[in-house]
Amino acid sequence: VNNNAMTGELPRALNPPRLQSLVLYANAFSGSLPTEFRAPALQYLEISDNKFTGPLPSAIGDSNELLQLVVSRNNLTGSFPTSWSQLKNLQQLWTFNNAIRGPLPESWS
């Protein structure tokens, strides 16, 4: 659903057990990201170019199949959750143009 000028907030709980790809690129979604994000089959998450605010959800660390995570050009803050060290299959992480601070998880080094 990219480039559709969609607005509003995502639900606080997002639990699609078979979802493999979620692309919300270049819309006008706002608010914080779901704190209860359980998508164990997720491989690709692209939410850049929106108006999301707040911290990166630690629950994303439970998406063990995640290969690509793109959260660039939002208003995200805070640091990388320690639970993200479980993302052993992650190949690409794009976070530019946010206010994310702090070190990457140690297991990524």
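These legends go with close-up views of a predicted model.

**View 1. The open sheet, strand by strand.** Four strands line up here as β3-β6-β8-β10, and the pairing is parallel. At the edges sit β3 (21-23) and β10 (92-94), each with a partner on one side only. Ignoring direction, neighbouring strands in this sheet are turned by 5° against each other on average. As a bit of background, strands of a sheet pair through backbone hydrogen bonds, in either a parallel or an antiparallel way.

**View 2. Zooming in on β3 and β6.** Edge strand β3 pairs with β6 (residues 44-46) in the parallel sense, over 3 bridges. Look for S21, which stands opposite Y44 in β6.

**View 3. β9 with β7 and β11.** Strand β9 (residues 75-78) runs parallel to β7 (residues 51-55), and 3 bridges join the two. Strand β9 also runs parallel to β11 (residues 99-100), this time with 2 bridges. T77 is a handy residue to centre on: T77 is the bridge partner of P55, and T77 also stands opposite A99 in β11.

**View 4. Inside the largest nonpolar core.** This core has 23 residues, and those with the most contacts inside it are F37, L45, L66 and L69. More broadly, nonpolar side chains tend to be buried together in soluble globular proteins.

**View 5. Who touches L69?** Which residues are in contact with L69, leaving aside its neighbours within four places in sequence? The list runs L45, I60, W84, L90, Q92, L93 and W94. L45 is, like L69, among the residues with the most contacts inside the core, while Q92 and W94 mark the two ends of edge strand β10 (92-94).

Methods
Residues numbered from 1 in each chain as written. Predicted model: local features only at pLDDT ≥ 70, side-chain atom pairs only at ≥ 80, totals over all residues. Heavy atoms only, no water. Pairing = 2+ DSSP bridges. Axes fitted to C-alpha atoms, helices over the stretch in contact; angles between N-to-C directions. Core = buried A, V, L, I, M, F, W, Y, C linked by side-chain atoms within 4.5 Å. Buried < 20%, exposed > 50% of the residue type's maximum accessible area, 1.4 Å probe, protein only. Contact = heavy atoms within 4.5 Å.
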